[in-house]
Amino acid sequence: MTYQHIDDHGKPIALPVNKVVCIGRNYLDHINEMNSTISEAPLLFMKPKAAMCNIANDIAIPTTLGPCHNELEVSVLLKKGLKNASEQEAAEAIWGIGLGLDLTLREVQGALKKDGQPWERAKSFDNSAPLSQFIPIDAFGDLDDLKFTLTINNEVRQSGHTALMLHKIIPLIAHMSTIFTLDAGDVVLTGTPKGVGPLFEGDILSISLHDYFTLETKVTGE
Ligand code: ZN
């Protein structure tokens, strides 16, 4: 199924589908659970167009490459291109906010890290970025005060608060635009809090951006 960004009424948003730009290690509790270290400059990576899919459909995870972990993250949809943007320009370029999963093949990632190789095999495969609907930016006040939760089979797995980000949403987008030109229709994934773990076929996920939406979805194999 061809992916399109959708709004809170389930309607397609008139923006192209481009790339996903992601940050790793943006919450201290997740850095600690991974025994990682804080990166001085933000750790950035990308997912291609084919990584995006609608999270409300079944989530098809790879089944032959070891554990596939959940990482629930606040997602930001851009409506304007950005290059070397100021924070004000970055703020004005946001179409809306949602949630996304940065699906991660954890054993593959471990092997890549050990070898000093890039992470694409672990994080940038097809359908590795299931995305929710986007709520228009006007509905939001302080982006540094958003709470979000992932429950799996009725147990809370992740509970995040954007106040705890090391690199907050607006300055992060401005910084990203100094490394990569960002385009209208790009999505930014803003990092995962702690609580990553393996997904299994049949798992029921409930994903909530507090005060905005809650949706349910299911994990299937490929
Ligand atoms: Zn992530």
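Along the sequence, the residues that donate to the zinc ion follow the spacing E-x1-E-x28-D. In this predicted model, the protein donors are E71 and E73, each through OE, and D102 through OD, at 2.0 to 2.1 Å from the zinc ion. Two of these donors can be placed with respect to the surface. E71 has a relative accessible area of 3%, which makes it buried because the cut-off for that class is under 20%. E73, at 0% relative accessibility, likewise counts as buried. Since water is not among the atoms, the zinc site may look incomplete, so the set of donors named here is best read as the protein part of the site.

Turning to the aromatic residues, the structure holds 2 aromatic pairs. One is formed by F45 and W119, whose rings are tilted, with 5.8 Å from centre to centre and 55° between the planes. This pair links distant parts of the chain: F45 belongs to strand 2, while W119 sits in the loop between helix 3 (106-115) and helix 4 (120-123), and the two are 74 residues apart. Both partners fall in the buried class: F45 has a relative accessibility of 9%, and W119 has one of 16%.

The other pair consists of F140 and Y212, and here the rings are stacked, with a centre-to-centre distance of 4.2 Å and an angle of 25° between the planes. The pair joins two loops. F140 is found between strand 10 (135-136) and strand 11 (147-152), and Y212 between strand 14 (204-209) and strand 15 (213-221), so the contact ties together parts that lie 72 residues apart in sequence. What is the burial class of each ring-bearing residue, F140 and Y212? F140 is buried, at a relative accessible area of 10%, whereas Y212 is partly exposed, at 29%. Y212 is placed in that class because its value lies between the 20% and 50% cut-offs.

At the surface, attention shifts to nonpolar side chains. L28, I38 and L166 together make a nonpolar surface patch of about 260 Å². Among these residues, I38 is located in the loop that runs between helix 1 (28-33) and strand 2 (43-47). The relative accessible area of I38 is 52%, and I38 therefore counts as exposed, the threshold being over 50%. Strand 2, which follows the loop holding I38, is also the element that carries F45 of the tilted pair.

How values were computed
Residues are numbered from 1 along each chain as its sequence is written. This is a predicted model: local features need pLDDT of at least 70, side-chain atom pairs count only at pLDDT 80 or more; totals for chains, interfaces and linings use all residues. Side-chain values use heavy atoms; hydrogens and water are left out. Patches are made of residues with over 30% relative accessible area and no salt bridge: like charges are joined within 9 Å, nonpolar side chains (Val, Leu, Ile, Met, Phe, Trp, Tyr) within 5 Å. Accessible areas come from the Shrake-Rupley method with a 1.4 Å probe; for residues, only the protein chains shown count as cover. A salt bridge is a side-chain nitrogen of Lys or Arg within 4 Å of a carboxyl oxygen of Asp or Glu. Helices (H or I, at least four residues) and strands (E, at least two) are DSSP runs, numbered from the N terminus. Buried means under 20% relative accessible area, exposed over 50%, partly exposed in between (1.4 Å probe, protein chains only). Rings of Phe, Tyr and Trp (its six-membered ring) pair if their centres lie within 6.5 Å; planes under 30 degrees apart count as stacked, over 60 as edge-to-face and the rest as tilted. Donors are N, O and S atoms within 2.8 Å of the metal (3.2 Å for Na, K and Ca); water is not among the atoms, so sites may look incomplete.
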